Amino acid sequence: MRLAWHIARKDLRRLRVAIALWTALIAAKLGVGVMLIYGVGGRFDPLRLVSNALAGLEAIAGCLIVAAFVHGDVLTGSSSFWMTRPVSSGRLIGGKITGLAVVLGAIPLAMLFPWWLVCGYGAKEMLMASVETILVNSLFVCASLPLATLTDGLGRYLFGALVFVTAIICVSVTAPFIPGAGLVAVLVTVGGGGIVAGLFHLWNRRVALGGVLLSTCVMAAVMVTLVEMAVRYRPAPSESLPGPSAERVTLSLAESGAQDRVSSATLALGFRATGVPKEFVLGGYATHRWTWSDGGMVEKKSAFSADFNPIISGRSYFEEDTLRKRPFRIALGLAVESDERSSILTSAVIVPREFIDRVRRDAPQYQLSAEIQLMRPVVMGEKPARTSERIVSGRETTRIIAGVNGSEFRSAPFFRLQEYQPTIFGTENGMGGVGPFDFGFWPKRSYFLVDRKLGYLSTNFFSEYDARRTTVVRIGTVGIVWRQLSGSPSESFPSRAPSPPEDLSIAKVEFRAVERFTKELRVDQFQLGLSQRRGRAAR
Amino acid sequence: MNIIETTGLTRRFGRTEAVHDLTLAVPEGSVCALLGSNGAGKSTTIKVLMNLFSPTAGSARVLGVDTRKLGERERAQIGYVSENQQMPLWMTVRQLLDYCRPFYPTWDRALEKNLLAQFALPEDRKLKHLSRGMLMKAALLSSLAYRPKLLVLDEPFSGLDPLVREEFVRGVLEVSESGNWTVLVSSHDIEEVERLCDRVVLLDAGRKGLDETTEALQARFRRVEVTGAPAEAQPAPTMLGWGREGALTRFVASDYAGEMTERLWREKFPGAAIVAQPMSLREIFITLAKQSRTAGDGKGAAA
């Protein structure tokens with residue numbers, strides 16, 4: 001251990017400038033985090049870009065630091081200094097791991113500790129965040145180590161990395177629609193590279209190094225595969241909660257539309273759901289299957305978006321009046337107007353252009369298998385719409401960082417929210433939002449502007465980045481997102497005029513699943529456009 | 001006890017055989033030179049002995065251990081200096097010594113100090129700012145200060161000016177004479193090696209040409225000039241580089257054994273004047289190399 005530390009100290013001294021830059025990079029990232037948390041330093045988008053750039057730099061710097069550590073005692077050839085000294089490969093590995101543990105473990109953790117305190121982390125969260133930080137930084141080691149051990153300097157390392165990156169880009173560009181192509185690229189990079197390097201060192205009788213490389217990279221490949229699969233193929237909830245609504249709810253295909261792109265198209269499907277109890281909303285997961293008379297079949301999976309969620313709507317997909325949003329009511333005791341319109345579910349899948357062309361030429365049979373989730377909105381907290389008010393629920397903190405009472409281009413007041421929470425292991429964010437996601441793209445928690453005086457809710461929320469999709473910035477395991485809530489009444493209450501901010505409050509709402517069940521639907525002739533006239537519900 | 005032993009050692013790189021069936025024994029306390037022209041297999045042999053290459057066939061043992069199993073304990077008793085060794089150039093001389101010291105339980109601070117003074121190395125200068133000669137001396141210092149049982153020098157004199165060579169050789173000589181050290185030095189710089197070694201192994205195209213003490217080698221080789229040899233006189237197999245210029249016949253005798261050999265020459269060249277002179281190691285090496293080339297089959301050096 002003493003000699004391993006001796007080797008590590010040598011590397012730390014050699015790389016002191018690089019380590020100082022690495023430290024500065026982490027500090028800069030945390031600086032952006034502080035600006036985001038306290039709503040200073042400009043708009044969200046530029047800060048998000050800076051944060052993303054710093055995250056990219058951090059990944060590159062992490063990989064280069066790993067390479068620099070390895071290249072301090074080159075493992076290839078026969079002229080390296082350490083090879084003729086009493087340094088076994090096991091001791092060398094020990095030294096390198098110790099050095100990397102300091103740079104990629106101890107230094108980031110020490111710097112992140114105050115940041116976590118600022119963000120209100122408890123002991124357990126800090127422990128989890130530490131593990132996550134170390135695991136993320138370990139990915140730099142896994143990604144960089146194989147190539148670094150096979151090269152004898154930065155030049156060859158960069159050349160090898162360039163070849164790898166080019167290969168991955170080629171795979172991504174040439175096979176974007178092949179399921180798992182990205183996964184294969186990751187596996188080839190991390191697992192395959194590690195196995196090649198491990199075998200190389202075993203062949204050269206560096207048993208310890210070869211063994212460590214092989215086992216680490218195989219483990220990393222398995223880990224990456226599991227994470228990749230968890231993200232890509234988010235499984236449907238295994239727990240089935242059929243309730244009384246399961247029988248009453250019926251689905252019918254309302255409309256389908258497509259937006260063509262160069263080589264692909266977005267196919268959007270709108271479904272009308274009847275029998276949905278008041279005060280409830282729907283979400284879910286869909287499996288679509290198109291079958292032609294010649295036996296051809298295409299199957300796609302996608303998430304359902306609920307009534308008020310504006311992810312898929314607009315002229316590009318549907319005729320506007322067909323799928324109007326339903327007013328949304330939450331249990332706030334408001335005297336909101338009743339609306340008896342049926343619920344709307346929308347779902348979109350990306351398909352090749354050829355698929356759309358074929359559907360237009362030859363209408364296939366369509367079958368939907370829908371996993372429906374019936375959710376009840378519950379108010380987690382409500383605060384006056386004033387700057388610096390906070391809504392704290394569980395591990396999430398929401399702060400109103402700005403409130404503007406109308407402007408030249410806005411007729412209604414709008415508010416900027418800043419929301420942050422631990423995003424440990426990415427299990428509770430993913431896909432562009434802070435807060436747990438339940439089914440697919442739909443955040444389980446959301447915000448509403450409440451006008452208690454006039455008695456309406458505004459559901460017109462959007463992030464500063466994209467009106468249809470919130471974007472999260474992850475800084476040191478903390479997820480941060482800015483949202484803007486418009487005080488304009490939703491289209492469901494067109495007659496109402498906006499109220500002044502002092503009459504508004506902001507409510508944080510969580511959607512809790514009450515029932516889960518499966519519905520199926522079959523359409524004999526699936527057509528783009530007015531297909532609802534020809535479809536029929538299977539049950 | 002032999003510090004180095006090889007038996008039928010062979011090392012191939014693809015179809016090229018760098019070392020062929022080399023059997024060698026270097027006794028403890030000897031200073032052995034591996035001689036040979038470029039590509040003779042000297043560095044490959046040393047790298048196999050240092051476990052930088054593994055043997056394709058045969059075996060090699062250093063300090064009684066199979067080279068493939070050389071561990072930290074054995075390496076702590078071996079000093080290695082090579083012209084091609086990658087030194088940590090970012091370190092200063094002092095940092096190099098500080099870095100190396102903990103790896104060697106037998107590190108001698110007093111010897112380190114003496115050698116530092118003897119080699120006149122600037123402690124605070126980075127290795128990358130040292131001249132080639134200084135760098136080699138720094139490498140030698142870091143390999144001598146722990147009093148290794150075996151010192152391996154692979155082409156240590158390449159690119160060094162005469163003054164630095166002198167200092168280098170003097171350093172090795174002083175240290176090796178102060179203890180029962182074994183030194184293996186590979187070089188094609190024969191003059192320097194001649195001062196150092198007491199044993200010579202000649203390699204030619206990966207094969208061992210000769211292996212004997214310098215004393216024995218210089219004793220059995222003579223440059224001979226015969227004036228008035230009969231015209232019909234033919235060279236014996238042990239008479240190398242046979243040539244005639246008028247009445248003068250020249251050759252190199254590779255089996256000189258004193259009075260007995262001279263008597264045989266007088267019988268072979270009756271009435272002729274015979275002058276036999278001792279040869280330097282360099283002259284012997286050149287004679288054998290020429291003979292090897294003339295023979296063409298790579299075995300001619302086995303005189």
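Two residues are in contact if their C-beta atoms, placed from the backbone, lie within 7 Å. The exercises below use a predicted model.

**Exercise 1. Describe the surroundings of A:Trp290.**

Step 1. Locate the residue: A:Trp290 lies in strand E3 (residues 281-291) of chain A.

Step 2. List its contacts, leaving out residues up to four places away in sequence. A:Trp290 touches A:Met297, A:Val298, A:Pro364, A:Tyr366 and A:Phe526.

Step 3. Decide whether A:Trp290 is buried or exposed. A residue is buried if 20 or more other C-beta atoms lie within 10 Å of its own. A:Trp290 has 21 other C-beta atoms within 10 Å, so it is buried.

Step 4. Consider a residue elsewhere in the chain. A:Leu209 is 81 residues from A:Trp290 along the chain, and their C-alpha atoms are separated by 52 Å.

**Exercise 2. Describe how H4(A) and H5(A) pack.**

Step 1. Take the axes of helix H4 (residues 89-118) and helix H5 (residues 123-150) of chain A: they come within 10 Å and cross at roughly 145°.

Step 2. Give the handedness: the crossing of H4(A) and H5(A) is right-handed.

Step 3. Name residues on each side. Those in H4(A) include A:Leu100, A:Leu104 and A:Trp116, and those in H5(A) include A:Met126, A:Ile134 and A:Phe140.

Step 4. Sort the contact by class: eleven residues are nonpolar, four are polar and none is charged.

**Exercise 3. Find how far helix H5 of chain B reaches, and what encloses this helix.**

Step 1. Helix H5 (residues 132-144) of chain B has 13 residues and spans 18 Å from its first C-alpha to its last, close to the 18 Å expected at 1.5 Å a residue.

Step 2. Ten of the 13 residues of H5(B) are buried, so this helix is largely enclosed by the rest of the structure. Among the buried ones are B:Leu135, B:Lys137 and B:Leu144.

Step 3. The buried residues of H5(B) pack against strand E6 (78-82), H3, helix H4 (109-119), strand E7 (150-154) and H6 of chain B.

**Exercise 4. State how confident the predictor is in chain B.**

Step 1. The mean pLDDT of chain B is 87, and 97% of its residues reach 70 or more.

Step 2. Compare its elements: helix H6 (residues 162-178) of chain B has the lowest mean pLDDT, 78, and helix H3 (residues 93-100) of chain B the highest, 96.

Step 3. Find the weak stretch: the pLDDT is below 50 over residues 297-303 of chain B, which has 21 contacts in the model beyond near neighbours in sequence. Where pLDDT is low, the predicted coordinates should not be read in detail.

Methods:
Residues are numbered from 1 along each chain as its sequence is written. Chains are lettered from A and ligands numbered from 1 in the order in which they are written. This is a predicted model: local features need pLDDT of at least 70, side-chain atom pairs count only at pLDDT 80 or more; totals for chains, interfaces and linings use all residues. Helices (H or I, at least four residues) and strands (E, at least two) are DSSP runs, numbered from the N terminus. A residue is buried if 20 or more other C-beta atoms lie within 10 Å of its own, exposed if 12 or fewer, and partly exposed in between; C-beta atoms are placed from the backbone. pLDDT is the predictor's confidence in each residue, from 0 to 100. The expected span of a helix is 1.5 Å times one less than its number of residues. Axes are lines fitted to C-alpha atoms, for helices over the stretch in contact, and angles run from 0 to 180 degrees between N-to-C directions. A crossing is left-handed if the near helix is turned anticlockwise from the far one by less than a right angle, and right-handed if clockwise. Ala, Val, Leu, Ile, Met, Phe, Trp, Tyr, Cys and Pro count as nonpolar, Asp, Glu, Lys and Arg as charged, and the others, Gly among them, as polar.
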